[in-house]
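Thanks for making the time. I'd like to walk through one chain, and I'll begin with a strand pairing and work outwards.

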Amino acid sequence: MSFKVKSDDMFGGKGKPLPNGVYRATIEQADAEDLENGTQIRLRWGNIRVADGATEFELPDGTMYRIGNRKVFDRQWYEHQNEDAAAIGQRMVMLQAVALRFVELPERGSNSELEFPFSGPLAYVEAVLGKECLIRTRLRQRLDRQKKPARDEAGDPIFDAEVVEYFRP
């Protein structure tokens, strides 16, 4: 007996990147890595679908987009030698914690300081594994080691989806 498969099914094709938008996603992998300039929280979001749960949707040009088994990789600084990088990363991690319902949603317009409910980055990454929320993604052009636009074998620019916001479903 034989089965019909495409090479993309076996090797994870190189389809269009995930368009800018809001998606429901689940944290499939989470870890904290100590680097020479700080500690970084790394998340891999999967089981991605549009907010209503669909895995296919129509693009503005009328073609259908199938999300498939795409993943979104998310890195935020938990600690960093640079105070600005640390502040941005900690703000994003706290927004994750609010979206994942570990922290109460503050009242609109309040400037209250939220208390991070975990003892450190390892406790946080253990707790978030398997949780889901809504994420807003934006395409960003990948840069190579020389900080120049990265290109694929055909010479086309490579874009990656990055998470820019987190929301409660």
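Start at glutamate 33, which sits opposite glutamine 40 of strand E2. This is a predicted model, so please take every value here as computed from it. Further along, glutamine 29 has arginine 44 in E2 as its bridge partner. The strands involved are E1, residues 21-35, and E2, residues 38-50. They run antiparallel and are joined by eleven bridges. Two residues separate them, and together they form a hairpin.

E2 also pairs with E5: eight bridges, again antiparallel. One of the pairs there is threonine 39 with glutamate 79 in E5. How much of E2 is buried? Ten of its 13 residues are, so the rest of the structure largely encloses this strand.

Now the whole sheet. It is open and has five strands, in the order E5-E2-E1-E6-E7, with antiparallel pairing. Which strands are at the edges? E5 and E7, each of which pairs on one side only. On average, neighbouring strands are turned by 40° against each other, ignoring direction.

Next, what packs on this sheet. H2 does, touching E2, E5, E6 and E7, and its direction makes about 125° with that of E5. H3 lies across E1, E2 and E5, and runs at about 145° to E1.

A quick check on the geometry of H2. At 1.5 Å a residue, its 17 residues should span 24 Å; the end C-alpha atoms are 24 Å apart, which agrees. The buried residues of H2 include Ala86, Gly89, Met92 and Val93, and Met94, Gln96, Ala97, Val98 and Ala99 are buried as well. As a reminder, an α-helix has 3.6 residues a turn, so residues three or four places apart point the same way. In H2, the buried residues pack against E2, E5, H3, E6 and E7.

That brings me to the core. The largest nonpolar core has 34 residues. Those with the most contacts inside it are Leu18, Tyr23, Trp45, Phe116, Tyr124, Ile135 and Tyr166. Which elements give two or more residues to this core? Strands E1, E2, E5, E6 and E7, together with helices H2 and H3. The largest share is six residues, and it comes from H2.

Leucine 18 is a convenient residue to inspect. If we leave aside its neighbours within four places in sequence, its contacts are Tyr23, Ile48, Tyr65, Ile67, Arg70, Val72, Thr137, Leu139 and Ala161. Tyr23 therefore appears twice in this talk: as a contact of leucine 18, and among the core residues with the most contacts.

To finish, the chain as a whole. It has three helices and seven strands. From the N terminus on, the elements run α-β-β-β-β-β-α-α-β-β. Of contacts between residues at least 6 apart in sequence, 61% join residues at least 24 apart. The chain has 169 residues, and 33% of them count as buried. About 11,600 Å² is exposed, with carbon and sulfur atoms supplying 48% of that. Along the principal axes, the C-alpha atoms fill a box of roughly 60 × 40 × 35 Å.

How values were computed
Residues numbered from 1 in each chain as written. Predicted model: local features only at pLDDT ≥ 70, side-chain atom pairs only at ≥ 80, totals over all residues. Heavy atoms only, no water. Core = buried A, V, L, I, M, F, W, Y, C linked by side-chain atoms within 4.5 Å. Buried < 20%, exposed > 50% of the residue type's maximum accessible area, 1.4 Å probe, protein only. Helix = DSSP H or I, 4+ residues; strand = E, 2+ residues; numbered from the N terminus. Contact = heavy atoms within 4.5 Å. Pairing = 2+ DSSP bridges. Axes fitted to C-alpha atoms, helices over the stretch in contact; angles between N-to-C directions. Areas by Shrake-Rupley, 256 points an atom, 1.4 Å probe, with all protein chains shown as cover. Expected span 1.5 Å × (residues − 1).
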